[in-house]
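Me: I'd like a close look at one part of this model, please. Pick a single aromatic residue and walk me through what surrounds it.

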Amino acid sequence: MFRRNLKYIKSSLETARPMLEVDVKQLDTNPFLLNTPSSTYDLRTGMQQEHNPEDLITQQTETDPSEEGQGIWQSALNTFFCADDDLIRYVKEITGLACIGKVFMEALFIAYGNRRNGKINFLECYFKSLENLFMVNDL
């Protein structure tokens, strides 16, 4: 590239920078927006919306919500939590709070029970579905 062309390119980039650059503090500011491969969901309302670049969301789930396999998942929840609807609703609420990534409640949750009752299977499914949202730090 010729030297004289380089100065025009640099000038153009410097002029455009304020229009293109985003402050890191502007990214992922709405914890209630869950970005999936096909759309964004408002976790407060459950409403689905098209992706909007102005939301400045940088993370995305592995999969889209779907009714495919819903019966199997509901059956698994009934097995894991002994068909206790109140407990299932509570676990859904807690896991939903966890995926928001903000502290609304300080609590320690312990998966307790006899061996082979699905504790690890449930947690593995949960973490796998949201693995792109969680950062893993080596301690």
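Reply: Let's say two residues are in contact when they have heavy atoms within 4.5 Å of each other. Bear in mind that this is a predicted model. The residue I'd pick is F80. Leaving aside its neighbours within four places in sequence, F80 is in contact with N117, G118, N121 and F122.

Is F80 buried or exposed? Its relative accessibility is 16%, and the cut-off for buried is under 20%, so F80 counts as buried.

Now for the rings. Searching the whole structure turns up four aromatic pairs. One of them joins F80 to F81, in an edge-to-face arrangement with 6.3 Å from centre to centre and 90° between the planes. F81 is buried too, at 15% relative accessible area. F80 also pairs with F122: the ring centres are 6.2 Å apart and the planes sit at 75°, so this pair is edge-to-face as well. What does that second pair tie together? F80 lies in helix α2 and F122 in helix α4 (residues 119-129), so the pair links parts that are 42 residues apart in sequence. F122 itself is buried, with a relative accessible area of 9%. Add W73, and you have one aromatic cluster made of W73, F80, F81 and F122.

Three members of that cluster, F80, F81 and F122, also belong to the largest nonpolar core, which has seven residues in all and is completed by A76, L77, I88 and V91. Both α2 (70-80) and α3 (85-100) supply at least two residues of this core. The largest share comes from α2, with three residues.

Step back to the helices, and the F80–F122 pair has company. On the α2 side, W73, L77 and F80 meet N121, F122 and C125 of α4. The axes of these two helices are 10 Å apart, and α2 and α4 pack at an angle of about 140°. Why call that oblique? Angles over 145 degrees would count as roughly antiparallel and 65 to 115 as roughly perpendicular, so at this angle α2 is oblique to α4. As for handedness, α2 and α4 cross in a left-handed way.

So, back to where we started: F80 is a buried residue that pairs edge-to-face with F81 and with F122. F80 is also part of the largest nonpolar core and is one of the α2 residues that meet α4.

Note on methods:
Residues numbered from 1 in each chain as written. Predicted model: local features only at pLDDT ≥ 70, side-chain atom pairs only at ≥ 80, totals over all residues. Heavy atoms only, no water. Core = buried A, V, L, I, M, F, W, Y, C linked by side-chain atoms within 4.5 Å. Buried < 20%, exposed > 50% of the residue type's maximum accessible area, 1.4 Å probe, protein only. Helix = DSSP H or I, 4+ residues; strand = E, 2+ residues; numbered from the N terminus. Phe/Tyr/Trp six-rings, centres within 6.5 Å; stacked < 30°, edge-to-face > 60°. Axes fitted to C-alpha atoms, helices over the stretch in contact; angles between N-to-C directions. Parallel < 35°, antiparallel > 145°, perpendicular 65-115°, else oblique. Left-handed = near helix turned anticlockwise from the far one by under 90°.
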